[in-house]
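Q: Please take a close look at a single part of this model, beginning with its arrangement and then passing to what else can be described. A connected account with the cut-offs of each term would be welcome.

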Amino acid sequence: MKACVLEAINKLVCKEVPTPEPKTDEVLLKIRACGICSSDYDRVYKTGTYHFPTIPGHEFCGEIVAVGNGVKKELIGQRAVVFPLLPCRKCLSCKEEHFAQCANYNYFGSRCDGAFAEYIAVPLWNCQFFSNSLDFDVAALCEPASVAFHAVRLGNISKGQTVCIVGTGTIAILCGIWAQKKGARVIFIGRNTRKKEFLEQIGFHECLLDVDGLDDALKQITNGQGVDVALECVGSDRALETSILSLKQRGTLILIGNPDGNKSINKNIYWKLLRSEITVKGSWNSDYSSQQNDWNSVLRELESNPRQFSYLITHKFKLEQCNEAFEIMTNKTIFSIKGMFIND
Ligand SMILES: [Zn+2]
Ligand SMILES: [Zn+2]
């Protein structure tokens, strides 16, 4: 099969590799769409994967074309998205089904081969099925959409509340969509005029640019109160400060953005955390337990309203275009939200 193999930092090669075979309790998936995550930009250009060579790609879906022992043949032809985490099933977190907190997990596309390829063998347990009426590209948004869904759920956002989202990347926008579905008023804070225009086009009319006077502007549009919940989706010092400053007394801060370095905050902002009794919650990955399966909830939403999500897919590539794809997606002068590899 064809696959994009990361052989070293900055060396992504599209080449022929052996097609995997499904083992016991696994299915062979023909990959139809795989999103390029901003964490993949770092893997390819800066940090590499856990070992080389690795096939990156963890935001994927496809159709089952073969099954291993213990899996019903009737599943052949079924469409599925894949939870990319392979838990150890031995640690305490796994016993409590908090798989994202597993002490010794494996992960498609970073710790083991992922889905910038034509085929992948995955455990049936990791598959969530979807109907033939949902397009593969929208279904492949299920991973980032579940990460955002999880974060919004942790914020306990309710109807009529005001939510501030700091950042305008894929996860940030998806957080906005989920918060809006919960009936919240959503205010975005970004740095890019083109993104602001895009947000307006998809129905988010309150987007403030992070310029001088932002704090006053925020106060003004929230009657001097601040917002109920702030979601920090960037990971920079500035975004962290903005998120805290946007909050009202006893508000909730949800941290999602991966940190871009050591974090430090000004003393007056630290005071605000104390005096305003801000609740701070970290959010990581998504829930995939028998009690709470974010993936299942998200898939049903994608099926019922695919259009709203399809706008996020701005670029589609073939596997052979992998280097061009990364150049385009990381070029700050080119407007992009989500890029994807598509296999026919
Ligand atoms: Zn990702
Ligand atoms: Zn575990």
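A: The part chosen is an open sheet of 6 strands in the order β12-β11-β10-β13-β14-β15, with parallel pairing. Its edge strands are β12 (207–209) and β15 (279–282), each of which pairs on one side only. On average, neighbouring strands of this sheet are turned by 20° against each other, direction ignored. The model is a predicted one, in which local features need pLDDT of at least 70 and side-chain atom pairs count only at pLDDT 80 or more, while totals for chains, interfaces and linings use all residues. Residues are numbered from 1 along each chain as its sequence is written, chains are lettered from A and ligands numbered from 1 in the order in which they are written, and side-chain values use heavy atoms, with hydrogens and water left out.

The terms used for the sheet are as follows. Strands (E, at least two residues) and helices (H or I, at least four) are DSSP runs numbered from the N terminus. Two strands are said to pair if DSSP finds at least two bridges between them. Angles run from 0 to 180 degrees between N-to-C directions, and axes are lines fitted to C-alpha atoms, for helices over the stretch in contact.

Within this sheet, strand β13 (residues 227–232) and strand β14 (residues 247–255) pair in the parallel sense over 5 bridges. Val229 has Thr252 of β14 as its bridge partner. Strands of a sheet pair through backbone hydrogen bonds, either parallel or antiparallel.

An antiparallel pairing is found between strand β1 (residues 2–8) and strand β2 (residues 11–16), which are joined by 6 bridges. Here Val5 has Val13 of β2 as its bridge partner. The two strands form a hairpin with 2 residues between them. Asn10, in the loop between β1 and β2, has a phi near 70°, which is positive although the residue is not glycine. Asn10 is also exposed, at a relative accessible area of 53%; buried means under 20%, exposed over 50% and partly exposed in between, for a 1.4 Å probe and protein chains only.

Two helix pairs can be described next. Helix α8 (residues 237–246) packs against helix α9 (residues 267–275) at an angle of about 40°, with the axes 10 Å apart. The two helices are therefore oblique to each other; angles under 35 degrees count as roughly parallel, over 145 as roughly antiparallel, 65 to 115 as roughly perpendicular and the rest as oblique. The crossing in which α8 passes α9 is left-handed, that is, the near helix is turned anticlockwise from the far one by less than a right angle, whereas clockwise makes a crossing right-handed.

Helix α4 (residues 142–154) and helix α10 (residues 294–304) pack at about 115°, with their axes 9 Å apart. They are therefore roughly perpendicular to each other, and their crossing is right-handed.

The metal sites complete the account. Donors are N, O and S atoms within 2.8 Å of the metal (3.2 Å for Na, K and Ca), and water is not among the atoms, so sites may look incomplete. Cys37 (SG), His58 (NE2) and Glu59 (OE) coordinate the zinc ion (ligand 1) at 2.1 to 2.8 Å. Cys37, in the loop between β3 (26–36) and α1 (38–47), and Glu59, in strand β4 (residues 59–67), are 22 residues apart and link distant parts of the chain. Cys37 is buried at 14% relative accessible area, and Glu59 is buried at 1%. In the loop between α1 and β4 lies Pro53, which is joined to Phe52 by a cis peptide bond with omega of about -10°.

The zinc ion (ligand 2) has as its donors Cys88 (SG), Cys91 (SG), Cys94 (SG) and Cys102 (SG), at 2.3 to 2.4 Å. Along the chain these donors follow the spacing C-x2-C-x2-C-x7-C. The angles among the 4 donor atoms are 101 to 118°, and the site is tetrahedral, a class in which all angles of four donors lie between 85 and 135 degrees. Two of the donor residues can be placed by burial: Cys91 is buried at 15% and Cys94 is buried at 6%. Arg89, in the loop between β6 (85–86) and α2 (92–95), is partly exposed at 46%. The phi of Arg89 is positive, about 65°, although Arg89 is not a glycine.

How values were computed: Four donors count as tetrahedral if all angles lie between 85 and 135 degrees; four count as square planar and six as octahedral if opposite donors are over 155 degrees apart and all others between 65 and 115; anything else is irregular.
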